[in-house]
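I opened the notebook today to look up a few helix contacts, ring pairs and single residues, and I write down each look-up in the order in which I made it.

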Amino acid sequence: MRILSDLFASRRALAGFVVVGFGWAAFSAQMPVIKAQVGGGDGFWGTLILIGSTGALMAMWLAPLVYRLIGRWAMIAGAAGMVVGFVLAGAAETPLAIGFALFLAAGGSGVADVLANTEVSEAEAETGRSLMNLNHGLFSVAYAVAAMLVGAAREGGLGPVAVFAALAVAVGVLVPWMVLPRRPPEDDDTQDAAGMPRSLVWVGGLVVLAAFLGEAAAEGWAALHVERTLGGGPAEGALGPALLATGMAAGRLGAHVFGAGWPPFRVMVLASCIAGIGLMLAGAAPNLPVVYAGYLLGGLGVSVVGPLALGLVGQAVRPKYRLAAISQAAALGYAAFFLGPVIMGYVAEGYG
């Protein structure tokens with residue numbers, strides 16, 4: 001019953017996380033075929049991802065402005081921008097087209113993600129319960145399920161445009177749950193972040209950056225690694241990011257159910273060590289079972305670090321600064337989602 005109560009309390013955030021998970025899983029599992037459509041080497045592809053993904057960084061800084069402009073519909077607008085961007089990415093055949101498409105997709109998902117994290121923090125303040133790991137865990141579940149479904153669709157011969165069209169339908173079903181509540185401002189300077197403890201935001205953001213750098217580098221290139229390095233097929237390639245997300249879901253949901261009373265800093269240190277071991281195992285794997293075990297272990301370790309850091313930031317600031325604090329910490333942390341794949345691209349270009 002406690003789990004059901006927690007799900008209900010964070011239902012709006014959960015819808016946003018599921019939508020973002022569906023979108024990036026669909027893209028990551030199809031990265032080999034989209035990369036082949038556009039052409040170019042690993043370093044060139046990494047540069048395209050860098051250009052496109054700057055949209056996420058900009059959107060996370062601008063999410064409070066988007067919320068002020070359109071209020072309750074801000075998360076829906078972000079999700080819509082993400083879907084349009086991914087559909088365009090599925091049809092892209094030139095570097096300019098894929099760069100624009102990824103910029104739009106990353107920007108939309110960035111807005112939705114920041115607002116979802118803020119909704120979780122608001123729900124934590126209202127209920128007195130820790131909800132960040134639960135919501136991020138269900139994001140990972142959505143990511144894993146979507147990655148496996150996309151792998152099956154690729155095996156069945158469906159192309160990227162058809163897959164992303166199905167994504168649009170799934171997002172449309174979840175739209176009613178993404179309408180944000182009306183929250184009256186506490187006072188005239190609700191949106192003024194001048195008094196916000198910026199040092200705390202920067203520390204929290206850098207911790208999230210460290211965690212998500214490993215996650216982004218792994219999930220962005222997992223399918224390519226399995227298919228190109230180890231000779232796997234499309235479904236086997238999609239299983240790489242799916243297992244990474246499965247490990248993350250297990251870690252986050254397990255932390256929510258069993259680890260509510262554990263010291264967060266001790267958990268983050270232990271989890272980081274587990275993540276490093278798993279990702280090294282995946283990189284050095286001689287066959288598919290070992291690489292899958294590495295991704296599963298890496299996902300398990302990296303799973304709780306980012307959510308715990310964001311939760312601590314949200315809890316440590318006054319309510320009127322919460323959206324600004326989380327958007328800035330998330331912008332720092334989620335920079336990893338374009339730095340990670342880019343770093344991997346340049347390493348692959350230079351060293352194989």
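Entry 1, a helix pair late in the chain. I am working from a predicted model, and I began with helix α13 (residues 305-316) and helix α14 (residues 322-334), whose axes come within 9 Å and cross at roughly 155 degrees. Angles over 145 degrees count as roughly antiparallel, and I therefore noted α13 and α14 as roughly antiparallel to each other. I also recorded the handedness of this crossing, which is right-handed. On the α13 side I found Leu310, Val313 and Gly314 in the contact, and on the α14 side Arg322, Ala325, Ile326, Ala329, Ala330 and Tyr334. Sorted by character, the residues of the contact of α13 with α14 come to 7 nonpolar, 1 polar and 1 charged.

Entry 2, aromatic pairs. How many aromatic pairs does a search of the whole structure find? I got 5. The pair I looked at in detail joins tryptophan 24 and phenylalanine 86, where the ring centres are 4.9 Å apart and the planes stand at 85 degrees, so I entered the pair as edge-to-face. Tryptophan 24 sits in helix α2 (residues 11-29) and phenylalanine 86 in helix α5 (residues 74-91), so that I have a pair linking distant parts of the chain, 62 residues apart, and edge-to-face here rests on planes over 60 degrees apart.

Entry 3, the other partner of phenylalanine 86. Is phenylalanine 86 buried or exposed? Its relative accessible area is 0%, and I therefore put phenylalanine 86 down as buried. I then saw that phenylalanine 86 also forms an aromatic pair with phenylalanine 164, and this pair is stacked, with 5.5 Å from centre to centre and 10 degrees between the planes. This pair, too, links distant parts of the chain, since phenylalanine 86 belongs to α5 and phenylalanine 164 to helix α8 (residues 160-174), 78 residues apart. I noted both phenylalanine 86 and phenylalanine 164 as buried. Following the ring pairs further, I arrived at a cluster that links Trp24, Phe27, Phe86 and Phe164.

Entry 4, α2 again, now against α7. I found α2 packing with helix α7 (residues 132-155) at an angle of about 35 degrees, with the axes 7 Å apart, and the crossing of α2 and α7 is right-handed. I listed the contact residues, among them Phe17, Phe22 and Trp24 of α2 and His136, Phe139, Tyr143 and Arg154 of α7. The residues of this contact of α2 with α7 divide into 17 nonpolar, 4 polar and 1 charged. Trp24 thus appears twice in my notes, in the ring cluster and in the contact with α7.

Entry 5, valine 161. I located valine 161 in helix α8, and at 38% relative accessibility I count valine 161 as partly exposed. Leaving aside residues up to four places away in sequence, I found that valine 161 touches Gly90 and Ala91. I also took the C-alpha to C-alpha distance from valine 161 to tryptophan 73, which is 26 Å, with their positions 88 residues apart in sequence.

Entry 6, aspartate 6. I placed aspartate 6 in helix α1 (residues 2-9). Its relative accessibility is 2%, and I therefore count aspartate 6 as buried. Which residues does aspartate 6 touch, not counting residues up to four places away in sequence? I wrote down Arg129, Leu131, Leu134 and His256.

Note on methods: Residues are numbered from 1 along each chain as its sequence is written. This is a predicted model: local features need pLDDT of at least 70, side-chain atom pairs count only at pLDDT 80 or more; totals for chains, interfaces and linings use all residues. Side-chain values use heavy atoms; hydrogens and water are left out. Axes are lines fitted to C-alpha atoms, for helices over the stretch in contact, and angles run from 0 to 180 degrees between N-to-C directions. Helices (H or I, at least four residues) and strands (E, at least two) are DSSP runs, numbered from the N terminus. Angles under 35 degrees count as roughly parallel, over 145 as roughly antiparallel, 65 to 115 as roughly perpendicular and the rest as oblique. A crossing is left-handed if the near helix is turned anticlockwise from the far one by less than a right angle, and right-handed if clockwise. Contact means heavy atoms within 4.5 Å. Ala, Val, Leu, Ile, Met, Phe, Trp, Tyr, Cys and Pro count as nonpolar, Asp, Glu, Lys and Arg as charged, and the others, Gly among them, as polar. Rings of Phe, Tyr and Trp (its six-membered ring) pair if their centres lie within 6.5 Å; planes under 30 degrees apart count as stacked, over 60 as edge-to-face and the rest as tilted. Buried means under 20% relative accessible area, exposed over 50%, partly exposed in between (1.4 Å probe, protein chains only).
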